[in-house]
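Colleague: I would like to know how the terms in this description are earned. Please set each value against its definition.

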Amino acid sequence: MEKIMVETSPPLKGKVRISGAKNSALPILAASLLGTEDIILEDVPNLKDIEVMCEVLTSLGAKVEKLDKGIIKINSSNINNYITRYELMSKMRASFLVMGPLLTRLGKTKTSLPGGCAIGTRPIDLHLKGFKALGATINSDHGNISAYADKLVGDKIYLDFPSVGATENIIMAAVLAEGETIIDNAAMEPEIVDLASFLNKLGADIKGAGTSTIRVKGVKKLGGGVHSIIPDRIEAGTFMVASAITGGDITVENVITSHIKPIIAKLKEVGCEVIENGDSVRVIGNKDLKPTDIKTLPYPGFPTDMQAQFMTLMSLCKGTSVVIETVFENRFMHVDELKRMGADIKIDGRSAIIQGVDKLTSAPVKASDLRAGAALVLAGLVADGVTEIDNIYHIDRGYDGIEEKLSSLGAKIYRK
Ligand code: EPZ
């Protein structure tokens with residue numbers, strides 16, 4: 001199995017351009033099933049997860065063509081299959097996002113229950129609550145889940161938790177339903193806003209995306225259109241932390257600074273200089289970083305997808321830092337790996353107490369999920385020796401060319 005090797009690297013310096021957001025491209029690709037004319041998506045990141053979602057769309061009868069780097073053309077006018085194959089769902093649980101579009105477009109959908117993953121059980125009860133409220137009948141047996149409805153009728157849906165995926169799936173089911181759907185306690189992530197903006201280009205009528213109350217007025221059908229995916233705020237944050245941890249000076253280009261406010265705030269709290277300049281942000285690290293505390297929350301709080309990367313940084317901040325993970329129940333899998341590299345971290349339920357150490361040392365480590373993998377790469381940049389990271393398929397799922405981008409900034413990183 002290929003591994004990523006990271007050697008002690010000098011302070012990273014230079015400019016890096018951020019790719020389109022994985023967590024926006026995936027729901028927007030799923031939503032492309034709702035269109036009946038050509039759809040062109042631009043700034044689509046080159047990731048394994050995107051390849052899987054394109055395979056899913058093709059298996060459902062959509063025409064998917066990669067026109068150029070980052071540009072994908074989809075035509076779903078003749079989709080004819082409502083069943084998502086197990087082997088595709090098992091590769092990527094976000095395939096579950098095709099349920100809403102299929103249910104409203106074809107009146108039925110069937111797929112295998114999406115598995116959990118390292119960070120948690122990842123239930124789908126809120127997705128199903130929304131589908132039922134719109135009039136769908138849900139059946140589940142032998143690991144499969146199916147939903148069908150002769151007609152979907154808009155309704156008021158309260159989400160017990162502002163789930164990103166449930167908000168997306170319910171919006172997609174509601175766009176062709178009869179009447180108005182109101183989603184209360186909806187997720188407010190920028191990726192929800194991007195999805196709504198894409199669907200409105202196709203002719204949907206969605207208001208309130210980005211707030212906790214989203215109104216969807218059903219329309220008869222959706223057409224086609226052109227849409228550019230928003231920049232990946234988590235990839236941006238990962239490179240910003242790379243500058244902080246190596247005491248470097250990196251300008252991250254193609255960002256929307258309003259999407260990364262919590263990351264900017266926390267980097268300033270640990271002592272970095274952060275300069276916002278339109279669609280780029282410059283982060284100047286230093287060697288005497290101070291401790292801080294982090295509590296992950298749904299947007300606009302500190303993103304859970306940045307928790308592991310920040311914990312690596314905090315393991316070198318002189319003093320005591322505390323991380324509280326409120327979004328997922330098991331998102332500390334990177335802690336044991338960081339401790340193998342000399343970090344001093346104690347877990348107490350949903351909290352982790354980090355005592356800053358003078359240095360980290362290299363060790364063979366394993367990525368347990370996408371963001372934990374990124375956290376280990378960051379640790380390898382400043383650890384003494386050569387850090388060998390296994391299970392790097394996790395990293396390839398969510399980072400478009402991480403070695404090339406880091407190497408261009410001076411990092412010593414390669415695959416073996
Ligand atoms: C999306 O996952 C992202 N994935 C995740 O990014 C991200 O961490 C997460 O949102 C939170 O921001 C994609 O967009 C493809 P949730 P999602 O539904 O939609 C509970 C990454 O690293 N919940 O908001 O699955 C659930 O158990 C990935 O890029 C229910 O209880 O997240 C969890 O505790 C990791 N019932 C919490 O909500 C449900 O029906 C957040 O889950 C659904 C969710």
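Modeller: Start with helix α1, residues 22-31, which is mostly covered, with 9 of its 10 residues buried. This is a predicted model, where local features need pLDDT of at least 70, side-chain atom pairs count only at pLDDT 80 or more, and totals for chains, interfaces and linings use all residues. Residues are numbered from 1 along each chain as its sequence is written, and side-chain values use heavy atoms, with hydrogens and water left out.

Colleague: What makes a residue of α1 count as buried, and which residues of α1 are buried?

Modeller: Buried means under 20% relative accessible area, exposed means over 50%, and partly exposed lies in between, with a 1.4 Å probe and protein chains only. In α1 the buried residues are Lys-22, Ser-24, Ala-25, Leu-26, Pro-27, Ile-28, Leu-29, Ala-30 and Ala-31. Each of these is therefore under 20%.

Colleague: Why is α1 called a helix, and β1 a strand?

Modeller: Both are DSSP runs, numbered from the N terminus: a helix is H or I over at least four residues, a strand is E over at least two. Helix α1 has 10 residues, and strand β1 covers residues 4-7.

Colleague: How do you know that β1 and β23 pair?

Modeller: Two strands pair if DSSP finds at least two bridges between them. Strand β1 and strand β23 (residues 412-415) have 4 bridges, in the antiparallel sense, so they pass. One of the bridges joins Val-6 to Ile-413 in β23. Strand β1 also has 4 antiparallel bridges to strand β22 (residues 386-390), where Met-5 has Glu-388 as its partner.

Colleague: Why is one space called a cavity and another a pocket?

Modeller: On a 1 Å grid over the protein atoms alone, a cavity is a set of points where a 1.4 Å probe fits but cannot get out, whereas a pocket is an open set with protein on both sides within 12 Å along at least five of seven lines. Lining residues have an atom within 4 Å of a point. The search finds 1 cavity of 30 Å³ or more. The lining of the largest cavity includes Thr-238, Phe-239 and Ala-374. Helix α12 gives the largest share of that lining, 3 residues.

Colleague: How many residues line the second largest pocket, and which lie nearest its centre?

Modeller: The second largest pocket has 20 lining residues, with Ile-245, Lys-287, Leu-316, Asp-358 and Val-382 nearest its centre. Helix α8 gives the most to this lining, 3 residues.

Conventions
Grid points are joined across faces, edges and corners, and a volume is the space filled by probe spheres set on the points.
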